[in-house]
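Visitor: I should like a close look at a single part of this model, namely its nonpolar interior. Please also comment on the backbone of any unusual loop residues.

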Amino acid sequence: MKQIPFSIKNRQELHDCIEKVQQEARALKNLSCVLVSIFMDTANERMLQEMKHTINASFPEAQIVGSVSRGEIVNGTLVEHDIVVNFTLFECSKVRVMSYDFRMMSSEQAGKELLAILNADKEVAAVEVISAGFHLDVNPFFHEVSKSRQEIVFFGGLADDGSLGQNGMVFAQNTTLRHGVAVAVFSGSKLHVQASSSFGWKPLGRSMTVTKMDGEFCLKELDGMPALDVFERYLGIVNNDRFLVESLTFPFYFERNGTVLARHPRRCREDGGVMFGADFRVGERVRLAYGDPSDIIENAMVLQEKLANFRPEAIFMVSCVARWMLLGSDTEQELSVTRHLAPSSGFYAYGEFMRNDAGEIMVSNMTLVTIGMREGPGRSEKREIKVEHPKFKPHRTIMAHLVHLIETTTQELEETNAKLAKLAQLDRLTEVFNRGETEMRLATMLQQSQLSGQPLAVLMLDIDDFKGINDSFGHEMGDKVIEAVAGILREVTRTEVDAPGRWGGDEFLVVFPDMAAKEGHEIAERIRKEVAALDFLPEGRRVTVSIGLATAAEDDTTNALCRRVDMALYEAKRSGGKNMVIMH
């Protein structure tokens with residue numbers, strides 16, 4: 001296998017490149033297939049047709065795939081205005097290029113057709129998908145092809161020439177499409193493929209919940225706030241002709257099925273909704289994110305080592321435009337991770353396609369994706385990789401300090417919010433849950449119990465003659481008694497499982513999920529005895545408690561359950577002579 005990428009400006013340069021490729025092809029023991037990938041920054045269909053004609057004249061069986069793009073990559077170098085033509089020569093593998101026009105068939109139907117092809121060929125190792133523009137709904141397509149064998153690697157991206165929202169253009173063989181996808185299927189028993197990705201964006205500010213969507217791609221509200229207001233409030237980015245450019249490097253960041261994903265906007269609507277190139281789901285927790293240039297390049301260095309161990313013969317790359325916009329002149333440092341490993345070629349996308357560990361093919365943003373390929377076991381020699389830490393220019397150094405400030409203040413904010421959230425749940429005197437939190441946990445645990453069929457016990461406790469303790473020894477001693485009883489409740493309950501709470505005054509309520517009546521009665525008796533063993537009251541006085549216990553019925557409500565346990569407590573205090581446990 002051999003990959004030979006070129007950056008050209010005209011047809012004559014293409015002729016010169018083809019001559020070099022022909023020499024390389026003759027040096028191979030066998031030539032089973034030629035894949036030609038073309039990436040260009042303008043949709044010049046006439047030039048494209050001339051290029052295809054020239055390529056086919058020398059390589060009649062060549063498979064051709066590509067797209068318009070905002071920027072191109074050749075051998076770890078950024079190319080902005082030339083045309084990238086990448087020849088990949090295979091010795092024992094095959095590549096089939098096809099296209100799906102979404103005006104002729106639905107996205108779902110196209111996915112089913114490709115899935116049938118993948119299921120019929122047991123040697124498929126990888127699939128490249130290039131989508132034309134933001135306007136396509138590729139989710140149904142990916143939903144279908146995600147049913148393919150999990151070991152098949154998927155990669156590619158959403159192609160756009162930088163017009164942000166206009167139709168992109170992809171091409172496959174003799175077809176050009178502005179409403180579809182181009183697909184290259186790589187297959188062969190000796191073809192090895194490794195996919196790696198690098199992210200580097202970090203969450204910024206508070207977490208927000210997606211509360212309203214209009215379809216899958218229009219984010220209407222976060223925490224009840226119009227999505228556009230989030231950009232205006234926290235970033236000062238308003239809806240004008242600069243919105244897309246300015247917001248591109250501040251995506252929303254979230255986790256789905258164990259994979260960190262990002263989404264950047266593509267346009268705003270008059271109603272305050274924001275359109276994205278990939279989906280959100282109501283209930284997902286998202287945060288704004290920012291890019292740390294140092295971390296982005298450090299992550300790419302880790303990717304370099306992984307690629308080196310794979311020993312690729314060819315590397316395909318897809319990177320997000322936002323990475324380029326953020327890194328600026330430092331972009332070359334990130335791309336250089338492939339420079340000494342194998343010939344590389346790729347393009348900058350407005351959405352990157354990759355497959356997670358669960359087999360789901362997803363659209364992400366802000367990601368650098370590299371695909372290493374080789375035929376056979378790979379070269380045996382050990383390749384030494386020197387990883388250099390990034391050296392930023394002065395303006396990048398300033399940014400690094402600002403990033404550190406953001407990270408530190410964000411961490412402090414998160415820690416403060418966590419403490420405030422905990423304080424909002426707890427009773428200050430006893431450090432068990434307060435009344436509101438206890439009621440909420442009771443309702444949640446009762447619902448879970450009824451859904452799962454698992455038992456649930458509730459205990460209500462009242463300190464006997466507590467008014468007399470206050471009258472005789474003062475409120476400070478009364479508080480000490482309440483604290484001591486709460487300490488016993490914390491000791492006997494299961495951490496992160498049970499819900500001990502102060503119900504009010506000298507009353508406590510404890511919820512025991514997954515606990516039957518017998519076990520609940522044993523714990524109630526233990527609490528009663530441990531309280532009775534307290535001996536810090538003056539004059540030899542003892543603290544005792546009365547306890548009511550009830551277990552949940554299948555049709556219980558929280559009110560009904562609380563009434564029963566309250567009645568049990570009443571019987572323990574009035575009918576039983578206090579210092580005892582009554583169960584209903």
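Guide: A residue counts as buried under 20% relative accessible area and as exposed over 50%, with partly exposed in between. The model under discussion is predicted. By that scale Asp514, at 46% relative accessibility, is partly exposed. Asp514 sits in the loop that joins strand 29 (507-513) to helix 14 (517-532), and its phi is near 55°, a positive value in a residue other than glycine.

Met366 also has a positive phi, near 70°, and is likewise not a glycine. Its loop runs between strand 25 (361-364) and strand 26 (368-375). Met366 has 0% relative accessibility and therefore counts as buried.

As for the nonpolar interior, the largest core contains 112 residues, and the members that touch the most others are Leu114, Phe141, Val183, Phe186, Phe252 and Met373. Because domain 1 (2-200 + 293-375) and domain 2 (203-289) both contribute residues to this core, it lies between them. A second core, separate from that one, has 31 residues, including Val485, Leu489, Met515 and Ile547.

Met373 merits closer inspection. Leaving aside residues up to four places away in sequence, Met373 touches Met1, Ala126, Phe155, Phe186, Leu191, His192, Val193, Phe310, Pro312, Glu313, Ala314 and Phe316. Among these partners, Phe186 is itself one of the core members that touch the most others.

Terms used: Residues numbered from 1 in each chain as written. Predicted model: local features only at pLDDT ≥ 70, side-chain atom pairs only at ≥ 80, totals over all residues. Heavy atoms only, no water. Core = buried A, V, L, I, M, F, W, Y, C linked by side-chain atoms within 4.5 Å. Buried < 20%, exposed > 50% of the residue type's maximum accessible area, 1.4 Å probe, protein only. Domains from an automatic or database assignment. Contact = heavy atoms within 4.5 Å. Helix = DSSP H or I, 4+ residues; strand = E, 2+ residues; numbered from the N terminus.
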